[in-house]
Amino acid sequence: MGGSRRPGRVALVMLADVAPALHDPVVLVRAEHSSIITDESVALFRKLTPQLEVVVAHGVGYMFTDDQNDALAETLLERLRAMAAG
């Protein structure tokens with residue numbers, strides 16, 4: 001499984017560090033095929049942040065920013081519309 005330098009481990013530590021300061025609704029948009037945000041890190045973040053909602057951007061690899069901007073935008077817009085509708 002490797003040491004603490006694995007990308008998933010780094011994400012886990014980062015999420016655990018910020019979780020206690022979060023009190024508002026939190027939406028984590030996760031790329032469907034991401035190896036950076038692992039199931040383990042999501043489970044811990046959810047434990048530390050009960051208001052967490054995870055939305056999966058289907059068909060997206062590990063990064064949105066290079067060539068998946070539309071997928072990220074559409075995923076966020078769908079979630080925001082649902083939140084606005086109540």
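A salt bridge is taken here as a side-chain nitrogen of Lys or Arg within 4 Å of a carboxyl oxygen of Asp or Glu. The structure holds three salt bridges, and the tour below reaches each of them in turn. The model is a predicted one, in which local features need pLDDT of at least 70 and side-chain atom pairs count only at pLDDT 80 or more, while totals for chains, interfaces and linings use all residues. Residues are numbered from 1 along each chain as its sequence is written, and side-chain values use heavy atoms, with hydrogens and water left out.

**The whole chain**

Begin with the chain in a cartoon representation. Three helices and two strands make up its secondary structure; helices (H or I, at least four residues) and strands (E, at least two) are DSSP runs, numbered from the N terminus. Followed from the N terminus, the elements run α-β-α-β-α.

Switch next to a surface. The accessible surface of the chain comes to about 5,900 Å², computed by the Shrake-Rupley method with a 1.4 Å probe, and for residues only the protein chains shown count as cover. Carbon and sulfur atoms hold 58% of that surface. Of the 86 residues, 26% count as buried; buried means under 20% relative accessible area, exposed over 50%, and partly exposed in between (1.4 Å probe, protein chains only). Among the contacts in the chain with a separation of 6 or more, 73% join residues 24 or more positions apart, a contact being heavy atoms within 4.5 Å.

**The two strands**

Select residues 26–31 and 52–57, which are strand 1 and strand 2. They pair in the parallel sense over six bridges; two strands pair if DSSP finds at least two bridges between them. Pick V26 to find its bridge partner in strand 2, L52, then V27, which stands opposite E53. Strand 1 is mostly covered, with five of its six residues buried.

Add residues 39–48, helix 2, to the selection. Strand 1, helix 2 and strand 2 together make a right-handed β-α-β unit. The crossover is called right-handed if, with the strands pointing away from the viewer, the path from the first strand over the helix to the second runs clockwise; orient the view in this way to check the sense.

**D39 and R30**

Keep that selection and display the side chains of D39 and R30. They form a salt bridge, the closest N and O atoms being 2.9 Å apart. The two ends differ in cover: D39 counts as exposed because its relative accessibility is 59%, whereas R30 counts as buried because its value is 14%.

**Helix 1 against helix 2**

Select A16, which lies in helix 1 (residues 7–18), and L44, which is found in helix 2. Leaving aside neighbours within four places in sequence, A16 is in contact with L44 and L48. With residues up to four places away likewise not counted, L44 touches L12 and A16. The C-alpha atoms of A16 and F45 are 6.2 Å apart, although 29 residues separate them in sequence. A second pair to span with the distance tool is L44 and V13, 31 residues apart in sequence and 9.7 Å apart in space, C-alpha to C-alpha. Both contact residues count as partly exposed: A16 has a relative accessible area of 25%, and L44 has a relative accessibility of 29%.

**Helix 3**

Now select residues 69–85, helix 3. Its 17 residues reach 24 Å from the first C-alpha to the last, close to the 24 Å expected at 1.5 Å a residue, where the expected span is 1.5 Å times one less than the number of residues. Just after the helix, G86 takes a positive phi of about 90°.

Which residues does T75 touch, not counting those up to four places away in sequence? This helix 3 residue touches V29, V55, V56 and A57. At 11% relative accessibility, T75 counts as buried.

Display R79 and E53 next. Their side chains meet in a salt bridge of 2.8 Å, N to O. R79 lies in helix 3 and E53 in strand 2, so the pair ties together parts that are 26 residues apart in sequence. E53 is partly exposed, with a relative accessible area of 29%.

End the tour at R81 and E74, which form a salt bridge with the closest N and O atoms 3.7 Å apart. R81 is exposed, with a relative accessible area of 51%, and E74 is partly exposed at 36%.
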